[in-house]
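Open the model in a viewer and keep the selection panel at hand. The stops below each give a selection and then say what is found there.

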Amino acid sequence: MAEFGPVPLSILFVIILYVLIGEYFKSIHFHLIHETSFGILVGMLIGLLVKLTDSVAYAKFFELNTSLFFYLILPLIIFSGGYNLKKKKFLQNFKYITSFGFISTLLNYLITLALTIAINAMGTSIHQSLPLTYGQIMLYSATICATDSVAALTLISSDTYPKLFSVVFGEGMVNDAVSIIMFQAVNQLQDPNSPMQFRWYTPLELIGRFLENCVLSLLIGLFIGLFSTWCFKRFRFLTHSTTVETVFAFLMAYLGYSICEMLQLSGVISLLMIGIMMSHYQGYNISQLGKVTTRVTFESMSLTAEAFIYVYLGFAVWDQTTYFNPITGDLYFVEISWVFTLTQIFVVMIARYLSIYIVYWISVAVQGKAQWKLTSSELAVCCFAGFVRGSVAFALIQTLQANPTNGIEINQINIIQSSVLFTVVSTTLVFGTAMPFFVSYQLKSQQQEEKAERLLLLDDKEKNSPKDNKENKDIKKLSEAQIIIKYLDENYFKRWFIFDYENRKNDINKQRTKLYKKSMKKHLVKQVRMIFDPRRERISHLPSYKRN
(Lines give C-alpha, C1' and ligand atoms only; values in the text may rest on other atoms or scores of the structure.)
Protein backbone atom coordinates (compact mmCIF):
# COMPACT_ATOMS: atom_id res chain seq x y z
CA MET A 1 0.00 0.00 0.00
CA ALA A 2 2.98 2.31 0.47
CA GLU A 3 3.36 2.70 -3.29
CA PHE A 4 -0.06 4.38 -3.46
CA GLY A 5 0.85 6.91 -0.77
CA PRO A 6 1.76 9.97 -2.89
CA VAL A 7 -1.43 9.92 -5.01
CA PRO A 8 -4.16 9.87 -2.30
CA LEU A 9 -2.08 12.21 -0.12
CA SER A 10 -1.80 14.70 -2.97
CA ILE A 11 -5.53 14.48 -3.66
CA LEU A 12 -6.30 15.10 0.02
CA PHE A 13 -4.01 18.14 0.02
CA VAL A 14 -5.74 19.62 -3.05
CA ILE A 15 -9.22 18.95 -1.55
CA ILE A 16 -8.27 20.93 1.57
CA LEU A 17 -7.00 23.73 -0.66
CA TYR A 18 -10.20 23.52 -2.75
CA VAL A 19 -12.45 24.00 0.30
CA LEU A 20 -10.26 26.79 1.71
CA ILE A 21 -10.00 28.80 -1.52
CA GLY A 22 -13.64 28.13 -2.44
CA GLU A 23 -14.94 29.61 0.80
CA TYR A 24 -12.54 32.53 0.49
CA PHE A 25 -13.88 33.29 -2.99
CA LYS A 26 -17.43 33.21 -1.62
CA SER A 27 -16.54 35.51 1.28
CA ILE A 28 -15.19 38.22 -1.05
CA HIS A 29 -17.80 37.45 -3.77
CA PHE A 30 -15.10 36.66 -6.32
CA HIS A 31 -16.68 34.95 -9.34
CA LEU A 32 -14.01 35.34 -12.01
CA ILE A 33 -13.12 31.67 -11.55
CA HIS A 34 -15.43 29.16 -9.91
CA GLU A 35 -14.11 26.88 -7.16
CA THR A 36 -14.83 23.83 -9.35
CA SER A 37 -12.56 25.26 -12.05
CA PHE A 38 -9.96 26.07 -9.44
CA GLY A 39 -10.09 22.48 -8.12
CA ILE A 40 -9.63 21.07 -11.61
CA LEU A 41 -6.71 23.38 -12.44
CA VAL A 42 -4.85 22.70 -9.19
CA GLY A 43 -5.60 18.99 -9.57
CA MET A 44 -4.08 19.06 -13.06
CA LEU A 45 -0.94 20.77 -11.79
CA ILE A 46 -0.38 18.47 -8.79
CA GLY A 47 -1.41 15.41 -10.83
CA LEU A 48 1.24 16.17 -13.43
CA LEU A 49 3.91 16.42 -10.75
CA VAL A 50 2.81 13.09 -9.22
CA LYS A 51 2.82 11.35 -12.60
CA LEU A 52 6.30 12.60 -13.40
CA THR A 53 7.43 11.33 -9.99
CA ASP A 54 5.87 7.83 -10.12
CA SER A 55 3.91 7.04 -13.29
CA VAL A 56 3.20 3.39 -12.38
CA ALA A 57 1.64 4.19 -8.99
CA TYR A 58 -0.29 7.01 -10.67
CA ALA A 59 -1.79 4.67 -13.30
CA LYS A 60 -2.58 1.93 -10.77
CA PHE A 61 -4.47 4.34 -8.53
CA PHE A 62 -6.91 5.30 -11.28
CA GLU A 63 -7.41 1.71 -12.42
CA LEU A 64 -8.39 0.59 -8.92
CA ASN A 65 -10.87 3.41 -8.26
CA THR A 66 -13.20 3.28 -11.29
CA SER A 67 -16.17 2.13 -9.15
CA LEU A 68 -15.52 4.54 -6.29
CA PHE A 69 -17.94 7.10 -7.71
CA PHE A 70 -21.00 4.88 -7.87
CA TYR A 71 -20.53 3.22 -4.51
CA LEU A 72 -19.57 6.25 -2.42
CA ILE A 73 -19.21 9.65 -4.10
CA LEU A 74 -22.40 9.85 -6.18
CA PRO A 75 -24.78 8.53 -3.45
CA LEU A 76 -23.59 11.23 -1.04
CA ILE A 77 -24.24 14.03 -3.55
CA ILE A 78 -27.64 12.79 -4.74
CA PHE A 79 -29.01 11.94 -1.29
CA SER A 80 -28.01 15.32 0.11
CA GLY A 81 -29.69 17.05 -2.84
CA GLY A 82 -32.96 15.21 -2.24
CA TYR A 83 -32.86 15.61 1.54
CA ASN A 84 -32.20 19.37 1.42
CA LEU A 85 -34.55 20.01 -1.51
CA LYS A 86 -37.00 22.89 -1.13
CA LYS A 87 -40.08 20.85 -1.90
CA LYS A 88 -42.57 23.70 -2.13
CA LYS A 89 -40.65 25.49 -4.87
CA PHE A 90 -39.97 22.14 -6.53
CA LEU A 91 -43.70 21.39 -6.78
CA GLN A 92 -44.55 24.94 -7.87
CA ASN A 93 -42.11 24.66 -10.79
CA PHE A 94 -42.65 20.96 -11.40
CA LYS A 95 -43.77 21.63 -14.98
CA TYR A 96 -40.49 23.31 -15.95
CA ILE A 97 -38.30 20.93 -13.96
CA THR A 98 -39.77 17.83 -15.59
CA SER A 99 -39.89 19.46 -19.03
CA PHE A 100 -36.19 20.37 -18.94
CA GLY A 101 -34.93 17.53 -16.74
CA PHE A 102 -36.89 14.72 -18.39
CA ILE A 103 -38.05 15.64 -21.89
CA SER A 104 -35.10 17.88 -22.78
CA THR A 105 -32.63 15.24 -21.58
CA LEU A 106 -34.25 12.62 -23.81
CA LEU A 107 -34.16 15.03 -26.76
CA ASN A 108 -30.55 15.84 -25.90
CA TYR A 109 -29.74 12.14 -26.02
CA LEU A 110 -31.40 11.63 -29.41
CA ILE A 111 -29.73 14.69 -30.97
CA THR A 112 -26.33 13.73 -29.55
CA LEU A 113 -26.76 10.15 -30.72
CA ALA A 114 -27.67 11.18 -34.28
CA LEU A 115 -24.81 13.69 -34.57
CA THR A 116 -22.26 11.31 -33.03
CA ILE A 117 -23.24 8.52 -35.42
CA ALA A 118 -22.73 10.95 -38.29
CA ILE A 119 -19.34 12.04 -36.92
CA ASN A 120 -18.31 8.42 -36.38
CA ALA A 121 -19.20 7.63 -40.00
CA MET A 122 -16.68 10.30 -41.03
CA GLY A 123 -13.92 8.42 -39.20
CA THR A 124 -11.44 8.57 -42.05
CA SER A 125 -11.95 12.26 -42.77
CA ILE A 126 -11.51 13.26 -39.11
CA HIS A 127 -8.39 11.05 -38.73
CA GLN A 128 -10.00 8.67 -36.27
CA SER A 129 -8.49 5.28 -37.03
CA LEU A 130 -10.83 3.33 -34.76
CA PRO A 131 -14.54 3.80 -35.54
CA LEU A 132 -16.80 3.20 -32.54
CA THR A 133 -19.52 0.56 -32.38
CA TYR A 134 -23.20 1.49 -32.12
CA GLY A 135 -23.31 0.25 -28.55
CA GLN A 136 -20.37 2.43 -27.54
CA ILE A 137 -21.91 5.47 -29.22
CA MET A 138 -25.22 4.91 -27.42
CA LEU A 139 -23.46 4.62 -24.07
CA TYR A 140 -21.37 7.69 -24.80
CA SER A 141 -24.45 9.73 -25.80
CA ALA A 142 -26.20 8.79 -22.55
CA THR A 143 -23.25 9.86 -20.40
CA ILE A 144 -22.54 13.16 -22.12
CA CYS A 145 -26.15 14.31 -21.51
CA ALA A 146 -25.45 14.71 -17.77
CA THR A 147 -25.09 18.43 -17.02
CA ASP A 148 -23.64 20.30 -14.05
CA SER A 149 -25.46 23.40 -12.77
CA VAL A 150 -23.25 24.01 -9.70
CA ALA A 151 -21.56 27.09 -11.18
CA ALA A 152 -24.89 28.69 -12.10
CA LEU A 153 -26.52 27.93 -8.74
CA THR A 154 -23.79 29.73 -6.81
CA LEU A 155 -24.58 32.90 -8.79
CA ILE A 156 -28.38 32.78 -8.44
CA SER A 157 -29.84 33.92 -5.12
CA SER A 158 -32.58 31.56 -3.95
CA ASP A 159 -34.23 34.48 -2.10
CA THR A 160 -34.17 37.01 -4.95
CA TYR A 161 -34.88 34.53 -7.78
CA PRO A 162 -36.63 31.56 -6.12
CA LYS A 163 -38.27 30.31 -9.31
CA LEU A 164 -35.12 30.38 -11.42
CA PHE A 165 -33.03 28.81 -8.65
CA SER A 166 -35.61 26.04 -8.17
CA VAL A 167 -35.81 25.28 -11.90
CA VAL A 168 -32.02 25.17 -12.40
CA PHE A 169 -31.48 23.06 -9.28
CA GLY A 170 -34.39 20.68 -9.92
CA GLU A 171 -33.54 20.29 -13.61
CA GLY A 172 -29.97 19.38 -12.68
CA MET A 173 -31.11 16.69 -10.24
CA VAL A 174 -33.62 15.15 -12.67
CA ASN A 175 -31.15 15.40 -15.55
CA ASP A 176 -28.55 13.37 -13.64
CA ALA A 177 -31.11 10.71 -12.75
CA VAL A 178 -32.44 10.43 -16.34
CA SER A 179 -28.92 10.26 -17.80
CA ILE A 180 -27.99 7.44 -15.43
CA ILE A 181 -31.19 5.52 -16.21
CA MET A 182 -30.55 5.93 -19.94
CA PHE A 183 -27.00 4.65 -19.50
CA GLN A 184 -28.18 1.62 -17.53
CA ALA A 185 -30.97 0.91 -20.04
CA VAL A 186 -28.50 0.94 -22.94
CA ASN A 187 -26.04 -1.17 -20.96
CA GLN A 188 -28.72 -3.81 -20.33
CA LEU A 189 -29.27 -4.12 -24.09
CA GLN A 190 -25.60 -4.90 -24.66
CA ASP A 191 -24.52 -8.47 -25.44
CA PRO A 192 -21.04 -9.06 -23.99
CA ASN A 193 -20.32 -11.74 -26.62
CA SER A 194 -21.15 -9.67 -29.71
CA PRO A 195 -21.31 -5.98 -30.73
CA MET A 196 -24.68 -4.32 -30.44
CA GLN A 197 -26.71 -4.06 -33.65
CA PHE A 198 -29.13 -1.16 -34.17
CA ARG A 199 -32.48 -2.59 -35.33
CA TRP A 200 -35.88 -1.04 -35.97
CA TYR A 201 -37.23 -2.12 -32.58
CA THR A 202 -34.16 -0.97 -30.60
CA PRO A 203 -35.73 2.44 -29.70
CA LEU A 204 -38.89 0.71 -28.42
CA GLU A 205 -36.83 -1.73 -26.40
CA LEU A 206 -34.77 1.13 -25.00
CA ILE A 207 -37.90 3.08 -23.99
CA GLY A 208 -39.32 -0.01 -22.31
CA ARG A 209 -36.14 -0.55 -20.30
CA PHE A 210 -36.05 3.12 -19.38
CA LEU A 211 -39.63 3.24 -18.09
CA GLU A 212 -39.24 -0.04 -16.22
CA ASN A 213 -36.07 1.17 -14.55
CA CYS A 214 -37.56 4.55 -13.67
CA VAL A 215 -40.85 3.28 -12.20
CA LEU A 216 -39.34 0.44 -10.17
CA SER A 217 -36.58 2.67 -8.78
CA LEU A 218 -39.09 5.31 -7.73
CA LEU A 219 -41.28 2.71 -6.02
CA ILE A 220 -38.35 1.24 -4.11
CA GLY A 221 -37.24 4.71 -3.06
CA LEU A 222 -40.77 5.59 -1.98
CA PHE A 223 -41.07 2.40 0.10
CA ILE A 224 -37.67 2.75 1.81
CA GLY A 225 -38.19 6.45 2.55
CA LEU A 226 -41.61 5.86 4.10
CA PHE A 227 -40.40 2.78 5.97
CA SER A 228 -37.54 4.75 7.51
CA THR A 229 -40.02 7.44 8.56
CA TRP A 230 -42.32 4.80 10.08
CA CYS A 231 -39.39 3.36 12.05
CA PHE A 232 -38.75 6.74 13.67
CA LYS A 233 -42.47 7.05 14.42
CA ARG A 234 -42.79 3.56 15.91
CA PHE A 235 -39.43 3.14 17.66
CA ARG A 236 -39.05 6.37 19.61
CA PHE A 237 -35.83 5.23 21.27
CA LEU A 238 -34.09 6.02 17.96
CA THR A 239 -34.63 9.73 18.65
CA HIS A 240 -32.73 9.74 21.96
CA SER A 241 -29.43 10.42 20.19
CA THR A 242 -28.78 12.73 17.25
CA THR A 243 -25.89 10.48 16.22
CA VAL A 244 -28.23 7.49 15.96
CA GLU A 245 -30.79 9.57 14.05
CA THR A 246 -28.20 10.65 11.48
CA VAL A 247 -26.59 7.22 11.07
CA PHE A 248 -29.89 5.34 10.86
CA ALA A 249 -31.27 7.75 8.22
CA PHE A 250 -28.13 7.45 6.09
CA LEU A 251 -28.01 3.64 6.37
CA MET A 252 -31.66 3.35 5.34
CA ALA A 253 -30.99 5.56 2.34
CA TYR A 254 -27.96 3.50 1.36
CA LEU A 255 -30.04 0.34 1.80
CA GLY A 256 -32.45 1.56 -0.88
CA TYR A 257 -29.54 2.45 -3.14
CA SER A 258 -27.95 -1.00 -2.66
CA ILE A 259 -31.21 -2.82 -3.37
CA CYS A 260 -31.65 -0.96 -6.67
CA GLU A 261 -28.05 -1.55 -7.71
CA MET A 262 -28.39 -5.26 -6.89
CA LEU A 263 -31.52 -5.44 -9.07
CA GLN A 264 -29.73 -3.46 -11.84
CA LEU A 265 -32.08 -0.51 -11.37
CA SER A 266 -31.26 3.16 -10.80
CA GLY A 267 -30.00 3.61 -7.25
CA VAL A 268 -29.61 7.33 -7.91
CA ILE A 269 -33.28 8.06 -8.61
CA SER A 270 -34.18 5.82 -5.67
CA LEU A 271 -31.89 7.87 -3.41
CA LEU A 272 -33.46 11.08 -4.67
CA MET A 273 -36.93 9.82 -3.77
CA ILE A 274 -35.74 8.55 -0.37
CA GLY A 275 -34.21 11.94 0.43
CA ILE A 276 -37.43 13.76 -0.50
CA MET A 277 -39.63 11.42 1.56
CA MET A 278 -37.34 11.62 4.60
CA SER A 279 -37.18 15.39 4.38
CA HIS A 280 -40.95 15.74 4.11
CA TYR A 281 -42.13 13.34 6.83
CA GLN A 282 -39.17 12.14 8.88
CA GLY A 283 -38.20 15.64 9.98
CA TYR A 284 -41.30 15.72 12.21
CA ASN A 285 -40.38 12.41 13.88
CA ILE A 286 -36.85 13.31 15.00
CA SER A 287 -35.62 15.82 17.55
CA GLN A 288 -35.12 19.50 16.79
CA LEU A 289 -31.38 19.06 17.11
CA GLY A 290 -31.62 15.98 14.87
CA LYS A 291 -33.18 18.08 12.09
CA VAL A 292 -30.22 20.43 12.09
CA THR A 293 -27.65 17.67 12.55
CA THR A 294 -28.89 15.51 9.67
CA ARG A 295 -29.05 18.41 7.24
CA VAL A 296 -25.62 19.73 8.18
CA THR A 297 -24.07 16.25 8.15
CA PHE A 298 -25.46 15.26 4.76
CA GLU A 299 -24.57 18.64 3.25
CA SER A 300 -21.02 18.35 4.63
CA MET A 301 -20.65 14.86 3.17
CA SER A 302 -21.92 16.14 -0.17
CA LEU A 303 -19.45 19.03 -0.13
CA THR A 304 -16.57 16.64 0.54
CA ALA A 305 -17.71 14.32 -2.26
CA GLU A 306 -18.04 17.19 -4.75
CA ALA A 307 -14.60 18.51 -3.79
CA PHE A 308 -13.08 15.07 -4.29
CA ILE A 309 -14.66 14.50 -7.67
CA TYR A 310 -13.54 17.83 -9.17
CA VAL A 311 -10.01 17.41 -7.86
CA TYR A 312 -10.06 13.84 -9.17
CA LEU A 313 -11.03 15.17 -12.60
CA GLY A 314 -7.92 17.35 -12.66
CA PHE A 315 -5.70 14.47 -11.57
CA ALA A 316 -7.19 12.12 -14.19
CA VAL A 317 -6.41 14.40 -17.15
CA TRP A 318 -2.87 12.99 -17.44
CA ASP A 319 -4.05 9.38 -17.23
CA GLN A 320 -5.73 9.29 -20.65
CA THR A 321 -2.73 8.37 -22.81
CA THR A 322 -1.70 5.26 -20.87
CA TYR A 323 -3.40 1.99 -19.99
CA PHE A 324 -2.42 -0.20 -17.05
CA ASN A 325 -2.91 -3.88 -17.94
CA PRO A 326 -4.03 -5.74 -14.78
CA ILE A 327 -2.89 -9.09 -16.23
CA THR A 328 0.68 -8.23 -17.20
CA GLY A 329 1.17 -5.24 -14.87
CA ASP A 330 2.60 -3.16 -17.74
CA LEU A 331 1.76 0.32 -19.01
CA TYR A 332 0.73 0.77 -22.65
CA PHE A 333 0.14 3.89 -24.71
CA VAL A 334 -3.44 4.12 -26.03
CA GLU A 335 -5.17 6.35 -28.55
CA ILE A 336 -7.16 9.52 -27.97
CA SER A 337 -8.93 11.57 -30.65
CA TRP A 338 -8.66 15.33 -30.28
CA VAL A 339 -10.75 15.88 -33.40
CA PHE A 340 -13.55 13.71 -32.01
CA THR A 341 -13.38 15.57 -28.68
CA LEU A 342 -13.51 19.01 -30.26
CA THR A 343 -16.45 18.08 -32.48
CA GLN A 344 -18.26 16.65 -29.45
CA ILE A 345 -17.93 19.95 -27.58
CA PHE A 346 -19.86 21.59 -30.43
CA VAL A 347 -22.34 18.71 -30.39
CA VAL A 348 -22.91 19.31 -26.66
CA MET A 349 -23.72 22.98 -27.29
CA ILE A 350 -26.02 22.28 -30.25
CA ALA A 351 -27.88 19.46 -28.49
CA ARG A 352 -28.38 21.50 -25.32
CA TYR A 353 -29.70 24.55 -27.16
CA LEU A 354 -32.09 22.57 -29.35
CA SER A 355 -33.37 20.34 -26.53
CA ILE A 356 -34.23 23.33 -24.31
CA TYR A 357 -35.83 25.52 -26.95
CA ILE A 358 -37.70 22.68 -28.70
CA VAL A 359 -39.46 21.97 -25.39
CA TYR A 360 -40.19 25.69 -25.06
CA TRP A 361 -41.55 25.96 -28.60
CA ILE A 362 -43.75 22.87 -28.18
CA SER A 363 -45.12 24.11 -24.85
CA VAL A 364 -45.94 27.53 -26.27
CA ALA A 365 -47.58 25.95 -29.34
CA VAL A 366 -49.74 23.62 -27.24
CA GLN A 367 -50.62 25.75 -24.20
CA GLY A 368 -50.03 29.28 -25.45
CA LYS A 369 -47.38 31.78 -24.47
CA ALA A 370 -49.46 33.08 -21.56
CA GLN A 371 -49.09 29.74 -19.75
CA TRP A 372 -45.29 29.85 -19.94
CA LYS A 373 -44.10 31.81 -16.91
CA LEU A 374 -40.34 31.65 -17.47
CA THR A 375 -38.98 34.84 -19.03
CA SER A 376 -36.55 34.88 -21.94
CA SER A 377 -33.70 35.77 -19.54
CA GLU A 378 -34.52 32.85 -17.22
CA LEU A 379 -34.74 30.49 -20.18
CA ALA A 380 -31.35 31.66 -21.43
CA VAL A 381 -29.80 31.05 -17.99
CA CYS A 382 -31.29 27.53 -17.86
CA CYS A 383 -29.87 26.79 -21.31
CA PHE A 384 -26.42 28.23 -20.63
CA ALA A 385 -26.13 26.45 -17.25
CA GLY A 386 -26.53 23.14 -19.05
CA PHE A 387 -23.59 23.77 -21.36
CA VAL A 388 -21.34 22.62 -18.52
CA ARG A 389 -21.02 18.85 -18.53
CA GLY A 390 -21.07 17.26 -15.09
CA SER A 391 -18.96 14.93 -13.03
CA VAL A 392 -21.76 12.36 -13.35
CA ALA A 393 -20.83 11.97 -17.01
CA PHE A 394 -17.25 11.19 -16.05
CA ALA A 395 -18.38 8.77 -13.33
CA LEU A 396 -20.66 6.92 -15.76
CA ILE A 397 -18.10 6.51 -18.53
CA GLN A 398 -15.47 5.24 -16.10
CA THR A 399 -17.61 2.17 -15.41
CA LEU A 400 -16.88 0.89 -18.92
CA GLN A 401 -14.17 -1.75 -18.79
CA ALA A 402 -12.40 -3.10 -21.87
CA ASN A 403 -11.20 -6.65 -22.28
CA PRO A 404 -7.48 -6.54 -21.30
CA THR A 405 -6.65 -8.91 -24.18
CA ASN A 406 -8.55 -6.91 -26.85
CA GLY A 407 -6.33 -4.06 -28.05
CA ILE A 408 -8.97 -2.58 -30.37
CA GLU A 409 -11.62 -2.40 -27.64
CA ILE A 410 -9.10 -0.89 -25.21
CA ASN A 411 -8.42 1.96 -27.64
CA GLN A 412 -12.11 2.45 -28.47
CA ILE A 413 -13.08 2.70 -24.79
CA ASN A 414 -10.20 5.07 -24.12
CA ILE A 415 -11.29 7.35 -26.98
CA ILE A 416 -14.78 7.87 -25.53
CA GLN A 417 -13.53 8.03 -21.92
CA SER A 418 -10.92 10.65 -22.75
CA SER A 419 -13.44 12.58 -24.85
CA VAL A 420 -15.91 12.71 -21.93
CA LEU A 421 -13.19 13.79 -19.49
CA PHE A 422 -11.82 16.54 -21.75
CA THR A 423 -15.36 17.72 -22.53
CA VAL A 424 -16.21 17.93 -18.81
CA VAL A 425 -12.98 19.76 -18.01
CA SER A 426 -13.12 22.18 -20.94
CA THR A 427 -16.82 23.08 -20.50
CA THR A 428 -16.29 23.56 -16.77
CA LEU A 429 -13.33 25.85 -17.32
CA VAL A 430 -14.72 27.82 -20.29
CA PHE A 431 -18.45 28.07 -19.55
CA GLY A 432 -17.90 28.02 -15.78
CA THR A 433 -15.64 31.08 -16.13
CA ALA A 434 -18.08 32.82 -18.48
CA MET A 435 -21.06 31.95 -16.25
CA PRO A 436 -20.81 34.99 -13.89
CA PHE A 437 -20.82 37.47 -16.76
CA PHE A 438 -23.66 35.75 -18.62
CA VAL A 439 -25.85 35.24 -15.53
CA SER A 440 -25.21 38.81 -14.34
CA TYR A 441 -26.26 40.22 -17.72
CA GLN A 442 -29.39 38.09 -17.90
CA LEU A 443 -30.44 38.78 -14.31
CA LYS A 444 -29.96 42.50 -14.85
CA SER A 445 -32.35 42.27 -17.80
CA GLN A 446 -34.67 40.19 -15.63
CA GLN A 447 -34.72 42.91 -12.95
CA GLN A 448 -35.70 45.53 -15.51
CA GLU A 449 -38.50 43.34 -16.86
CA GLU A 450 -39.83 42.59 -13.36
CA LYS A 451 -39.74 46.26 -12.41
CA ALA A 452 -41.84 47.14 -15.46
CA GLU A 453 -44.29 44.31 -14.68
CA ARG A 454 -44.70 45.47 -11.07
CA LEU A 455 -45.54 48.98 -12.18
CA LEU A 456 -48.22 47.58 -14.50
CA LEU A 457 -49.60 45.40 -11.70
CA LEU A 458 -49.86 48.44 -9.42
CA ASP A 459 -51.93 50.21 -12.06
CA ASP A 460 -54.17 47.14 -12.44
CA LYS A 461 -54.72 46.83 -8.68
CA GLU A 462 -55.92 50.42 -8.51
CA LYS A 463 -58.55 49.63 -11.14
CA ASN A 464 -59.75 46.32 -9.59
CA SER A 465 -61.46 45.85 -6.24
CA PRO A 466 -59.62 44.17 -3.33
CA LYS A 467 -62.12 41.34 -3.39
CA ASP A 468 -61.36 40.52 -7.02
CA ASN A 469 -57.62 40.61 -6.34
CA LYS A 470 -57.98 38.20 -3.43
CA GLU A 471 -60.06 35.77 -5.49
CA ASN A 472 -57.57 35.83 -8.36
CA LYS A 473 -54.70 35.27 -5.94
CA ASP A 474 -56.45 32.26 -4.41
CA ILE A 475 -57.17 30.77 -7.83
CA LYS A 476 -53.56 31.11 -8.93
CA LYS A 477 -52.19 29.81 -5.67
CA LEU A 478 -52.63 26.08 -6.24
CA SER A 479 -53.19 23.92 -9.32
CA GLU A 480 -55.59 20.96 -9.38
CA ALA A 481 -52.75 18.45 -9.04
CA GLN A 482 -51.30 20.36 -6.09
CA ILE A 483 -54.72 20.47 -4.40
CA ILE A 484 -55.10 16.68 -4.72
CA ILE A 485 -51.58 16.04 -3.42
CA LYS A 486 -52.10 18.44 -0.52
CA TYR A 487 -55.42 16.80 0.40
CA LEU A 488 -53.93 13.29 0.45
CA ASP A 489 -50.89 14.53 2.33
CA GLU A 490 -52.83 16.33 5.07
CA ASN A 491 -55.59 13.77 5.54
CA TYR A 492 -53.79 10.46 5.14
CA PHE A 493 -50.01 10.35 4.75
CA LYS A 494 -49.11 12.67 7.62
CA ARG A 495 -51.43 10.76 9.94
CA TRP A 496 -49.80 7.48 8.92
CA PHE A 497 -46.15 8.51 9.10
CA ILE A 498 -45.83 11.40 11.58
CA PHE A 499 -45.64 10.65 15.29
CA ASP A 500 -48.68 11.88 17.30
CA TYR A 501 -49.83 13.97 14.36
CA GLU A 502 -53.35 14.58 15.69
CA ASN A 503 -52.08 16.31 18.83
CA ARG A 504 -49.13 18.04 17.15
CA LYS A 505 -50.95 19.19 14.02
CA ASN A 506 -51.45 22.79 15.15
CA ASP A 507 -47.84 23.15 16.29
CA ILE A 508 -46.54 21.71 13.00
CA ASN A 509 -48.71 24.08 10.96
CA LYS A 510 -47.64 27.07 13.08
CA GLN A 511 -44.00 26.16 12.59
CA ARG A 512 -44.43 25.88 8.84
CA THR A 513 -46.34 29.18 8.70
CA LYS A 514 -43.64 30.93 10.72
CA LEU A 515 -40.88 29.70 8.42
CA TYR A 516 -42.90 30.64 5.34
CA LYS A 517 -43.60 34.17 6.60
CA LYS A 518 -39.94 34.62 7.49
CA SER A 519 -38.80 33.63 4.00
CA MET A 520 -41.50 35.73 2.33
CA LYS A 521 -40.56 38.79 4.41
CA LYS A 522 -36.92 38.41 3.41
CA HIS A 523 -37.91 37.99 -0.24
CA LEU A 524 -40.25 41.02 -0.12
CA VAL A 525 -37.57 43.28 1.35
CA LYS A 526 -35.17 42.36 -1.46
CA GLN A 527 -37.83 42.90 -4.12
CA VAL A 528 -38.68 46.37 -2.76
CA ARG A 529 -34.99 47.31 -2.72
CA MET A 530 -34.66 46.19 -6.34
CA ILE A 531 -37.63 48.34 -7.40
CA PHE A 532 -36.46 51.58 -5.86
CA ASP A 533 -32.69 51.08 -5.95
CA PRO A 534 -31.50 48.21 -8.18
CA ARG A 535 -27.89 49.34 -7.68
CA ARG A 536 -28.17 48.66 -3.94
CA GLU A 537 -28.82 44.98 -4.60
CA ARG A 538 -25.75 44.74 -6.82
CA ILE A 539 -23.56 46.64 -4.35
CA SER A 540 -24.52 44.32 -1.49
CA HIS A 541 -22.80 41.46 -3.31
CA LEU A 542 -19.51 43.34 -3.69
CA PRO A 543 -16.57 43.02 -1.33
CA SER A 544 -16.52 45.62 1.44
CA TYR A 545 -13.49 47.40 0.03
CA LYS A 546 -15.30 47.96 -3.29
CA ARG A 547 -18.65 49.25 -1.97
CA ASN A 548 -17.42 52.79 -1.66
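Is Glu-378 buried or exposed? Glu-378 is buried, because its relative accessibility is 4% and the cut-off for buried is under 20%. The model being toured is a predicted one.

**Stop 1: helix 15**

Select residues 376–385, which form helix 15. Of the 10 residues in this helix, 9 are buried. Glu-378 is one of them, and the others are Ser-377, Leu-379, Ala-380, Val-381, Cys-382, Cys-383, Phe-384 and Ala-385.

Now add residues 162–189, helix 9, to the selection. Two packed helices are described by the angle between their axes and the distance between the axes. For helix 9 and helix 15 the angle is about 30 degrees and the axes are 10 Å apart. Helix 9 is therefore roughly parallel to helix 15, since angles under 35 degrees count as such. The handedness of this crossing is right-handed.

**Stop 2: the salt bridges**

How many salt bridges are there? The count is 2.

Show the side chains of Lys-163 and Glu-378 for one of these. The two residues form a salt bridge in which the closest N and O atoms are 3.8 Å apart. This pair links distant parts of the chain, with Lys-163 in helix 9 and Glu-378 in helix 15, 215 residues apart. The two ends can be compared by their cover: Lys-163 is partly exposed at 26% relative accessibility, while Glu-378 is buried at 4%.

Next show Arg-352 and Glu-171. Their closest N and O atoms are 3.0 Å apart, and the pair forms a salt bridge. Here too distant parts of the chain are linked: Arg-352 belongs to helix 14 and Glu-171 to helix 9, 181 residues apart. Arg-352 has a relative accessible area of 2%, so it is buried. Glu-171 is likewise buried, at 4% relative accessibility.

**Stop 3: helix 14 and the nonpolar patch**

Select residues 338–367, helix 14. Start with Gln-344, which is placed in this helix. Its relative accessible area is 0%, so Gln-344 is buried. Add Thr-116 to the selection: the C-alpha atoms of Gln-344 and Thr-116 are separated by 7.6 Å, although the residues are 228 apart along the chain.

Then turn on the surface and select Leu-115, Phe-346, Ile-350, Tyr-353, Leu-354 and Trp-361. Together they make a nonpolar surface patch of about 570 Å². Which helix gives the largest share of the patch? Helix 14 does, with 5 residues. Trp-361 is found in that helix. With a relative accessible area of 44%, Trp-361 is partly exposed; patch residues need over 30% relative accessible area.

**Stop 4: the loop between helix 11 and helix 12**

Move to Gln-264, in the loop that joins helix 11 (242–262) and helix 12 (267–281). Check the backbone torsion: phi of Gln-264 is near 60 degrees, which is a positive value in a residue other than glycine. Is Gln-264 buried or exposed? Gln-264 counts as exposed because its relative accessibility is 55% and the cut-off for exposed is over 50%.

**Stop 5: two more pairs across the sequence**

Select Thr-294, which lies in helix 13 (residues 288–316). Thr-294 counts as buried, with 1% relative accessibility. Add Ala-249 and draw a distance between the C-alpha atoms: it is 8.2 Å, for residues 45 apart along the chain.

Finish at Ala-57, in helix 3 (residues 55–63). At 3% relative accessibility, Ala-57 is buried. Select Val-7 as its partner. Ala-57 and Val-7 are 50 residues apart in sequence, and their C-alpha atoms are 7.6 Å apart in space.

Technical notes: Residues are numbered from 1 along each chain as its sequence is written. This is a predicted model: local features need pLDDT of at least 70, side-chain atom pairs count only at pLDDT 80 or more; totals for chains, interfaces and linings use all residues. Side-chain values use heavy atoms; hydrogens and water are left out. Patches are made of residues with over 30% relative accessible area and no salt bridge: like charges are joined within 9 Å, nonpolar side chains (Val, Leu, Ile, Met, Phe, Trp, Tyr) within 5 Å. Accessible areas come from the Shrake-Rupley method with a 1.4 Å probe; for residues, only the protein chains shown count as cover. A salt bridge is a side-chain nitrogen of Lys or Arg within 4 Å of a carboxyl oxygen of Asp or Glu. Helices (H or I, at least four residues) and strands (E, at least two) are DSSP runs, numbered from the N terminus. Buried means under 20% relative accessible area, exposed over 50%, partly exposed in between (1.4 Å probe, protein chains only). Axes are lines fitted to C-alpha atoms, for helices over the stretch in contact, and angles run from 0 to 180 degrees between N-to-C directions. Angles under 35 degrees count as roughly parallel, over 145 as roughly antiparallel, 65 to 115 as roughly perpendicular and the rest as oblique. A crossing is left-handed if the near helix is turned anticlockwise from the far one by less than a right angle, and right-handed if clockwise.
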